[in-house]
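Please look through the structure shown below with an eye to the links between side chains and to the character of the surface. The paragraphs after it are meant to be read with the model open.

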Amino acid sequence: MNYLKEVIILLLGLYLNLLCRRVSGEQISGKGVLNLAHRQSKWTPLMQMSANLSDITSIRSFFEFRTLDPEGAIFYGDTEEGQDWFVLSLRDGIPEMQIGKADILVSVKGGRKLNDGAWHLLELRSEGKFVVLEVNNNVELIVGLHSKLTKDELKGKIRLALGGMLVDKQKLFHPFEPEMDACIRGGNWLNLSTSWDADSTWEPRPCFSEIKKGSYFPGTGVAMFNTSDLPGLNTEEAGITVEIFGSWTGTTLSLQSTGFEYVLRELEGNKDVKEVQLGLKEGSESAAPPHEPATLTFTIQKHSLVVNSKPELETESLDFFSMWKNGMLLTFGGVPGDSEKAKNTHYLRGCLEKILVQGQVIDLDRALYKHTAVSSHSCPTEAMNELT
């Protein structure tokens, strides 16, 4: 069994363990500050609530919302156990509403971009056969919907959810990527006093008072990619280039394949000198990477690995182009797995403002695996500058 399969099996085991640990869940106030980014699975909402339709006295929900993320799920609601449903999301930073009702699916996108890092007051309300979205007290989007199959009087429960959906993604008229690195505060949800339910694996994560673009690694966890899913080789002469911009300490990245491991990291000891260590079965080498703030260029040639134009490993026995195409693990922020080397990893801490592979921006939301502590699209402007 090769290295990729071993890691995938490990991740599946962790996920199943989390599922087995779920209980009725914690009760969370919807009026506080909530970070939507840190959930355990892709489509499962961060939290949810339900109420009897007979208890609904308001058809209006409002909350403050802030993000730098261009795409993801924000707010979901349904009745009839998901037969009639609604989801508010972002696509290209612009609000999008999708509604499924009886035999009709509707998708409408419009209004101003919201992924500017500022707080925006969002209000959703129902006006007969129309759903209205206001942003900062201005109407931005109106969706009308009518079906002859709609029931005159709804009974049962209404379900609400944040950061995901309670129906299968196959029901979407216009599919999107659900992960949303965003914060919500001051919510009022149909004027209900009901608390949100979060499962037992949920851990509250901070929302920073001021944010900037980038991917934040707090010193815990990694983001892993299968290289076969990343941009590949253009020409053998150019090689495959990974560029990283930002300020950080700790392990920058690692490459793993069957019988091979490469680790690029800062060593302990002299805090004024940073080093790159190559973790190889044949031995180890070291070189000095750039000082913070840094631009690091990691180039993969057919038989060599190059850091900032300096060859760090040359071997005729390995074909890195073929290994990249067939699938290696490229991990940002540490070493994956449960080996002694992984346990002793000094995880990356800092802000990676941009990651490019072959000149294309890499979105950590598309990772094979990303630790819940890692923020894909936002960094604090100052360390540990959190909202209370």
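What follows goes through the disulfides, then the salt bridges, and then a patch on the surface.

The coordinates belong to a predicted model, and the covalent cross-links are a convenient place to begin. A disulfide is a covalent bond between the sulfur atoms of two cysteines. A search of the whole structure finds 2 disulfides, and when the bonded cysteines are counted along the chain, their pairing follows the pattern 1-2, 3-4.

One of these links joins C183 to C207, with the two sulfur atoms placed 2.0 Å apart. The torsion about the S-S bond of C183 and C207 is about -105°, and the disulfide is therefore left-handed. Because C183 belongs to strand β13, which covers residues 182-189, while C207 sits in the loop between β14 (196-198) and β15 (211-213), the pair ties together parts that are 24 residues apart in sequence. Both ends of this link are in covered positions, for C183 is buried and C207 is buried as well.

The other link is formed by C351 and C379, whose sulfur atoms are 2.2 Å apart. In this case the angle about the S-S bond is 85°, and the link of C351 and C379 is right-handed. The cysteines come from distant parts of the chain, 28 residues apart, with C351 in strand β27 (residues 349-357) and C379 in strand β30 (residues 378-380). Are these two cysteines buried or exposed? C351 has a relative accessible area of 8%, so it counts as buried, and C379, at 0% relative accessibility, is likewise classed as buried; the cut-off behind both statements is a relative accessible area under 20%.

From the covalent links the account turns to charged side chains. Side chains of opposite charge can pair when their charged atoms come close. Across the whole structure, a search finds 15 salt bridges, among them the pair of E177 and K42, in which the closest N and O atoms are 3.0 Å apart. Since E177 lies in the loop between β12 (157-162) and β13, and K42 in the loop between β2 (34-35) and β3 (47-52), this salt bridge ties together parts that are 135 residues apart in sequence. Both partners are partly exposed, E177 with a relative accessible area of 23% and K42 with a relative accessible area of 39%.

Salt bridges are also found between buried residues. R91 pairs with E96 in this way, the closest N and O atoms being 2.8 Å apart, and R91 and E96 are both buried. The side chains of E123 and R125 meet in a further salt bridge, with an N to O distance of 3.0 Å, and these two residues are buried too. E123 and R125 are part of a wider arrangement, in which salt bridges that share partners join R60, E123, R125, E127 and E134 into one network.

The last feature is found on the surface. Which residues form a nonpolar patch there? The patch consists of F130, V139 and I142, which together have about 270 Å² of accessible area. Of these residues, F130 can be placed in strand β10, which runs over residues 130-135. With a relative accessibility of 42%, F130 counts as partly exposed, because that class covers values between the limit for buried residues, under 20%, and the limit for exposed ones, over 50%.

Definitions and conventions. Residues are numbered from 1 along each chain as its sequence is written. This is a predicted model: local features need pLDDT of at least 70, side-chain atom pairs count only at pLDDT 80 or more; totals for chains, interfaces and linings use all residues. Side-chain values use heavy atoms; hydrogens and water are left out. A disulfide is a pair of cysteine sulfur atoms within 2.5 Å. Helices (H or I, at least four residues) and strands (E, at least two) are DSSP runs, numbered from the N terminus. Buried means under 20% relative accessible area, exposed over 50%, partly exposed in between (1.4 Å probe, protein chains only). A salt bridge is a side-chain nitrogen of Lys or Arg within 4 Å of a carboxyl oxygen of Asp or Glu. Patches are made of residues with over 30% relative accessible area and no salt bridge: like charges are joined within 9 Å, nonpolar side chains (Val, Leu, Ile, Met, Phe, Trp, Tyr) within 5 Å. Accessible areas come from the Shrake-Rupley method with a 1.4 Å probe; for residues, only the protein chains shown count as cover.
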